Amino acid sequence: MKKNLTLCAIIFMACFLSINAQESTRNRRPNRASFTTTNPDVHDPVMARGEDGKYYIFATGMGVATLSSSDMKTWKHEKSALSPIPQWATDSIKGYRGHTWAPDISYHDGKWLLYYSCSTFGKNGSAIGLATNKTLDPQSPDFKWEDQGPVIVSHQRIDNYNAIDPNLIVDKKGTPWLTFGSFWDGIQIVRLKKDFKTLDGKTKTISRRTGRKITLAELNDVENYTIEAGDTIEAGANAVEAPFIIKNGKYYYLFVSFDYCCRGERSTYRTVVGRSKKIDGPYVDSKGQPMEKGGGDTLIGPNSQYFGVGHNSAYEFDGQWYFVSHAYVKSENGKAKLFIKKMNFNKEGWPVLED
């Protein structure tokens, strides 16, 4: 009997220590996502105002994460846009299992266009797809996301660009253009046909960090996000991604993100901007430095509150511009949180954020 009691005590202590070890491990994971209505975890957010007057955010997540709000302050989850996950994407993009990156949302010709990215970290075997819907209101009988398949695909060791981070912009003549890109040879732009899906020309690089064209011979999984404890963070040869273009006055403005995302306390994202009178560039900063040669003015980046701020979008609602992005918050150990600021333009015509 004594032996049995001893054995029971040993088993109990082992279970107790195991549970506490697991709890301790969980407590050491400060960057684990946890949803709060007024301060939601989010990556790569884009935003639209729907027919019901609500604001909708689409972001990186399984099947594209979706949030809604009536005031841009209190948010709630909505059903993912891609459900089920498109079969073409899992069949053609090695390693992609539905965790969908960096969407883009806009309304044209009577329908909402949701571009999305299918990829895996550190590889440029990627694709940008398109889904459409008549409405953003989940309560509407017309609400239904319909996948339209791939728009552009990049291939490892064949293409020197990465087909992720899409953004649609329509010029003053009504011609749609898609800008996209991450690392490799930088940010690309390509004209689309009126179906908003078919390419109508060749891609063109409009932003680089290096100041020169990067050849295929130099590219070997340059987007390496694998960081071990003690590693130093150094931006790669062309650490630029997440383009977003807006039109204000006589200029098109190109926002991109420099340096690294997705590393919690070691994230170094900063948002930079340039402008052009032509939608396909050249985009230059306030000093006249072309963005395809390394130029770009920093709009916001690491500061006393944030390890990094980037992957932004920008919108005008009721005459007021808004800057939308995610920020790695220092007070929350580097969690990526929704970041929304009012944005204005100074007398020289450059965007500035309100404090």
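Let us begin with strand E3, residues 61-62, which is joined to strand E6 by two bridges, with the two strands running antiparallel. Within this pairing, Met62 stands opposite His99 of E6. I should say at once that we are looking at a predicted model.

Strand E6 itself deserves some attention. It spans residues 99-108, and it is mostly covered, with seven of its 10 residues buried. Besides E3, strand E6 has a pairing with strand E7, residues 111-118: six bridges join E6 and E7, and again the direction is antiparallel. As a point of reference on your screens, Ser106 has Leu113 in E7 as its bridge partner. How many residues lie between E6 and E7 in their hairpin? There are two, and Asp109, in the turn, has a positive phi of about 50 degrees.

As a general reminder, the strands of a sheet pair through backbone hydrogen bonds, in either a parallel or an antiparallel manner.

I now turn to another part of the chain. Here four strands form an open sheet, in the order E10-E11-E12-E13, and their pairing is antiparallel. Which strands form the edges of this sheet? They are E10, residues 167-170, and E13, residues 204-207, each of which pairs on one side only. From one strand to the next, the twist averages 30 degrees.

Taking the edge strand E10 in detail, we find four bridges between E10 and strand E11, residues 176-180, the two running antiparallel. One position to locate is Val170, whose bridge partner in E11 is Pro176.

Finally, the cysteines. The count of disulfides in this model comes to one. Which residues form the disulfide? Cys261 and Cys262 do, with their sulfur atoms 2.2 Å apart. That separation falls within the 2.5 Å cut-off, and the pair is therefore counted as a disulfide. The angle about the S-S bond is -70 degrees, and the link of Cys261 and Cys262 is left-handed.

The surroundings of these two residues may also be of interest at the bench. Is Cys261 buried or exposed? With a relative accessible area of 5%, Cys261 is buried, because the cut-off for that class is under 20%. Cys262, by contrast, has a relative accessible area of 35% and is partly exposed.

Let me add one further cysteine, Cys118. Its relative accessible area is 0%, so Cys118 is classed as buried. Residue 118 also brings us back to strand E7, which covers residues 111-118 and is joined to E6.

Notes:
Residues numbered from 1 in each chain as written. Predicted model: local features only at pLDDT ≥ 70, side-chain atom pairs only at ≥ 80, totals over all residues. Heavy atoms only, no water. Pairing = 2+ DSSP bridges. Axes fitted to C-alpha atoms, helices over the stretch in contact; angles between N-to-C directions. Buried < 20%, exposed > 50% of the residue type's maximum accessible area, 1.4 Å probe, protein only.
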